[in-house]
Amino acid sequence: MAQETEIEFKNLLTQEEYQQLLNTFNLTHKDIKEQTNHYFDTPNGLLKQKKRGLRIRVLSSKIEFTLKTPGKDGYTYLEITDYLETYNKNLSLTEQSFHPTSDVLTFLEKENFPINELNQIGSLTTYRSEIKLNPDVLLVLDESHYGGIKDFELEMEVTDTQSGHEFFTHFLKEHQIPLRPAKKKIARMFEQSLKSQA
């Protein structure tokens with residue numbers, strides 16, 4: 001298990017802005033990695049109500065099972081992650097081989113969360129590239145696909161909220177990118193799912 005605090009700022013991009021940033025930082029096709037997130041919640045959306053996100057992220061080299069819990073400022077999150085050897089999308093989370101030793105599920109159980117009611121609510125595939133801008137700032141550029149939608153976003157992971165926000169704001173101005181606050185990927189995927197069902 002890994003447990004860490006993540007501070008991040010997010011901004012939606014146009015496809016042209018996304019491509020320009022790739023060019024600016026010399027990020028090419030070989031720098032872009034594919035990952036698929038499978039998101040989970042109860043039928044009545046208990047995790048969503050508590051502004052938490054639960055996902056299994058499948059990458060080429062590993063599988064991560066992560067619970068994200070928001071902090072007080074809207075930019076900081078506590079992340080609890082299990083590294084899985086297997087994931088069978090045809091089994092519920094409590095039927096998986098990793099259930100008895102999962103720190104994520106154990107954490108939820110200790111909070112009296114009904115983990116047996118967790119179901120997959122959707123999936124989202126992202127093509128991601130990353131570059132360190134300095135020791136305290138990681139720039140992440142994402143192209144995400146979900147429910148027939150393709151969108152682009154910038155994420156900036158920082159080590160301090162105040163200085164990170166200043167850097168983020170300056171970065172957008174420097175690259176002439178308007179401020180377009182981005183909802184979490186799980187929220188965008190869920191909203192699109194509701195639209196397609198309407």
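These are my notes on a barrel and the helices around it, taken from a predicted model.

**Barrel.** I started with the strands. Eight of them make a closed barrel, in the order β1-β5-β4-β3-β2-β6-β7-β8, and the pairing is antiparallel. I then looked up the twist: ignoring direction, neighbouring strands of this sheet are turned by 35° against each other on average.

**β2 and β6.** Next I picked one pair from the barrel. β2 covers residues 33-41 and β6 covers residues 119-134; the two run antiparallel, with nine bridges joining them. For a landmark in this pair I noted Gln35, which stands opposite Thr126 in β6.

**α4.** Which strands does helix α4 lie across? I found β1, β5, β6, β7 and β8 under residues 161-174 of α4. Against β1 (2-13), the helix runs at about 25°.

**α3.** I went through residues 103-110 and found Val104, Leu105 and Leu108 buried. Why do the buried residues of α3 line one face of the helix? Looking down the α3 axis, I see them fall within an arc of 95°, so they share one face. That fits the usual helix geometry: with 3.6 residues a turn, residues three or four places apart point the same way. I also checked what this buried set packs against, and got α2 (46-49) plus the strands β3 (53-58), β4 (63-70) and β5.

**Ends of α3.** At the N-terminal end I found a cap: a side-chain oxygen of Ser102 lies 3.3 Å from the backbone nitrogen of Val104. Val104 is also one of the buried residues in α3. After the helix comes Asn112, and I noted its positive phi, near 60°.

How values were computed
Residues are numbered from 1 along each chain as its sequence is written. This is a predicted model: local features need pLDDT of at least 70, side-chain atom pairs count only at pLDDT 80 or more; totals for chains, interfaces and linings use all residues. Side-chain values use heavy atoms; hydrogens and water are left out. Two strands pair if DSSP finds at least two bridges between them. Helices (H or I, at least four residues) and strands (E, at least two) are DSSP runs, numbered from the N terminus. Axes are lines fitted to C-alpha atoms, for helices over the stretch in contact, and angles run from 0 to 180 degrees between N-to-C directions. Contact means heavy atoms within 4.5 Å. Buried means under 20% relative accessible area, exposed over 50%, partly exposed in between (1.4 Å probe, protein chains only). The arc is that of the directions from the helix axis to the C-beta atoms. A polar contact is a pair of N or O atoms within 3.5 Å; within protein, one must be able to donate a hydrogen and the other to accept it, and residues adjacent in sequence count only if both atoms are side-chain atoms.
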